[in-house]
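Good morning, and thank you for making room for me in today's meeting. Please have a look at the sequence and the structure on the screen while I talk you through a few places in them.

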Amino acid sequence: MATRLLSPKLLNDLRYFTRPLNSASSASITAVSPLNFDEKPEPAAAAIEKPPINQPSATFDLNDHQKLFDSVSTLKLLRSSANLALASIEPFVDFGMWVMNSRLMETSLIRDVILKTVKHTFFEHFCAGENTKEAGECVRKIHEAGLRGMLGYAVEHTSDNAGCERNLEAFLRSVEFAKSLPPSSVSFVIAKITAICPINLVRRVSDLLRWQYKDPSFNLPWKLNTFPIFSDSSPLYHTLQRPEPLTPQEELDFQLAHQRLLKLCQKCVEDNVALTIDAEDTSLQPAIDYLTYSSALMYNRDDNPIVYGTIQAYLKDAKERLFLAEKTAEKLGIPMGFKLVRGAYMTSERKLASSLGYDSPIHNSIQETHACYNDCASFMLERIADGHGAVVLATHNVESAGSIESTRFGDSEGKSKA
C-alpha cells in the first residue's frame, strides 16, 4: 500500500499515479517531542499519522468526525479538548512556563506535584511516554486504531561532545526500537542537530555560512557540497561582522558532529527507517540545513529519500529556500524529502530581530503563514507528481489538511511516498 497526498486539482489526472519509498510513510499529521521526567536517554514519543491500509483507494474525510475519533473514548476527548483550550490561553501558558522555570521547582515536594500535574495533562496529550516501553505501548495502540507513529527523542541544545555522544546513542536506539515495533507502525525517527553538535558550534558555523553568502570569496575550507541554504530574502542580521575562522579544535568538533549524523543516517539506511531533521531558530538554521543537505547528498539514493529536512513556513524566505533546494536536488538527481511545518520560535525570533533593529523574519500575519504553507505544500506535491521529491505535511491546521486531500494507492510491499 502506498500513501500519496494530492491537491484536488491533481487528483483527476493522477488517480493511478504511484511511486514507492523503501521507508515507511511520510504523510504526517503532526510530530511530538516529549519531556523526559526521569532524565534518562530513552527514545520516546510518537506522532500520529495515517498509515497505508490494505484496501482500495479512499479519501480521508476530515469532516467525518465520528470516523476520525471512533477509537477514542468520550472521556479522553473531553480531556483533550480541555488541554487544548488551556494551551490556547496565552497568559495561562506564560504562567506555566514561569512556574516550570521558577525556584518552586527546587523544592522536592512542589516539584513532584507540578511534574505529576503536567504529566497527566499536557504531557499525556502531546507525548507518547517517558521511555521506550511507554512509547511502544502508545505506538501499538494507535497502530491498532489504523494510525502510524513518528519517534522523537526529546533533546536539544547540548553543550559538549560527551553529551552529543550520549544523545547519538539514544537516537540510534530510537531507530533500533522502531525496527522492533509492528511492521509499518513507525514512519520516521526525528532528530535535532543541536543534540549531536554543540550548540555554540552550530551558531559559529551558521555565522560563517551567512558571511560566505554575503561575501562569496570568504573561504570555508571544511565546507562540503550541499544544496542552497539561503535565498535573497533570508535574514542575515545575526552576523553583522566578519566571523573568525573555525579553530583547529572547532573544525575537529564539527567533523565529529557530522560523523555522528552520518552514523545515524547509516543506521536508518540499514534498518530502512526515514530520518527527519527538525528545524530550529534562524540563528542556528544555516548549519542545520548544511549538515542535513550534505548528508542527504550521501544517503538519498535510488528514489529513496532517507534524510528529510524541515521548512518552517512562518518564515518569509521559506518558499524561496524550498524552491532552490528542491530544484538543485533535482538537477543533481538526489531525491530530497522535506517536512513542512509552520514554526515554533515566534517570540524569540521577533525579539532578536527587534533588538537588532531589523524586521521580523516571520510573516506579518497568520494568514500569510497559512498561504506560504499551502504554497509550499502545493509546490512539493506538484514536484512529486513530476516524479521527484517527497514531503511530510505536518500541519495541525484543518483548512490546510482539508485543502490537500489524502488519497491512497496500493502496492504489494507497504511502501509509501509523500
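I will begin with the chain as a whole, then turn to pairs of helices, and end with some single residues.

Please keep in mind throughout that what you see is a predicted model. The chain has 14 helices and eight strands, and of its 418 residues, 52% are buried. Its accessible surface comes to about 19,800 Å², and carbon and sulfur atoms account for 54% of that surface. If we take the contacts between residues at least 6 apart in sequence, 81% of them join residues at least 24 apart.

Let us now look at helices that pack against one another, starting with helix H7, which covers residues 161-180, and helix H9, which covers residues 248-271. The axes of H7 and H9 come within 10 Å and cross at roughly 5°, and because angles under 35 degrees count as roughly parallel, H7 is described as roughly parallel to H9. On the side of H7, the residues that make this contact include Cys-164, Leu-168, Phe-171, Leu-172 and Val-175, while among those from H9 are Leu-256, Arg-260, Lys-263 and Leu-264. Sorted by class, the contact of H7 with H9 has eight nonpolar, one polar and nine charged residues.

The second pair is H8, residues 199-214, with H9. How are H8 and H9 oriented to each other? Their axes are 11 Å apart and the packing angle is about 105°, and since angles from 65 to 115 degrees count as roughly perpendicular, H8 and H9 are roughly perpendicular to each other. Leu-201, Arg-204 and Val-205 of H8 meet Glu-250, Asp-253 and Phe-254 of H9 in this contact, and these residues divide into three nonpolar, no polar and three charged. Asp-253 of H9 also appears in the contact with H7.

A third pair is helix H3, residues 74-87, and helix H5, residues 108-126, whose axes come within 10 Å and cross at roughly 95°, so that H3 and H5 are again roughly perpendicular to each other. From H3 the contact takes in residues including Arg-79, Asn-83 and Leu-84, and from H5 residues including His-120, Phe-122 and Phe-126. By class, the contact of H3 with H5 has five nonpolar, five polar and two charged residues.

Now I would like to move to single residues, and I will take Ser-231 to begin with. Ser-231 is found in the loop between helix H8 and helix H9. Is Ser-231 buried or exposed? Its relative accessible area is 1%, and because buried means under 20%, Ser-231 is buried. The side chains of Ser-231 and Glu-320 are joined by a polar contact of 3.0 Å, and, leaving aside neighbours within four places in sequence, Ser-231 is also in contact with Tyr-213, Asp-317, Arg-321 and Leu-324.

Asp-278 sits in another loop, the one between strand S4 (274-277) and H10, and with a relative accessible area of 12% Asp-278 is buried as well. Which residue shares a polar contact of 2.6 Å with the side chain of Asp-278? The partner is Lys-339, through its own side chain. Not counting residues up to four places away in sequence, Asp-278 touches further residues, among them Ile-190, Lys-192, Ile-288 and Thr-310. The C-alpha atoms of Asp-278 and Val-341 are separated by 9.6 Å, although these two residues are 63 residues apart along the chain.

Val-341 returns when we turn to Gln-312, since Gln-312 touches Val-341, and also Arg-342, Gly-343, Ala-344 and Tyr-345, among others. Gln-312 has its place in strand S5 and counts as buried at 4% relative accessibility.

Finally, two aspartates in the loop between helix H10 (285-299) and strand S5 (307-312) deserve a look. Asp-302 has a positive phi of about 55° although it is not a glycine, and Asp-303 likewise has a positive phi, near 60°. Asp-302 is exposed, with a relative accessible area of 73%, whereas Asp-303 counts as partly exposed at 26% relative accessibility.

Note on methods: Residues numbered from 1 in each chain as written. Predicted model: local features only at pLDDT ≥ 70, side-chain atom pairs only at ≥ 80, totals over all residues. Heavy atoms only, no water. Helix = DSSP H or I, 4+ residues; strand = E, 2+ residues; numbered from the N terminus. Buried < 20%, exposed > 50% of the residue type's maximum accessible area, 1.4 Å probe, protein only. Polar contact = N/O pair within 3.5 Å; in protein donor to acceptor, adjacent residues only side chain to side chain. Contact = heavy atoms within 4.5 Å. Areas by Shrake-Rupley, 256 points an atom, 1.4 Å probe, with all protein chains shown as cover. Axes fitted to C-alpha atoms, helices over the stretch in contact; angles between N-to-C directions. Parallel < 35°, antiparallel > 145°, perpendicular 65-115°, else oblique. Nonpolar A, V, L, I, M, F, W, Y, C, P; charged D, E, K, R; others polar.
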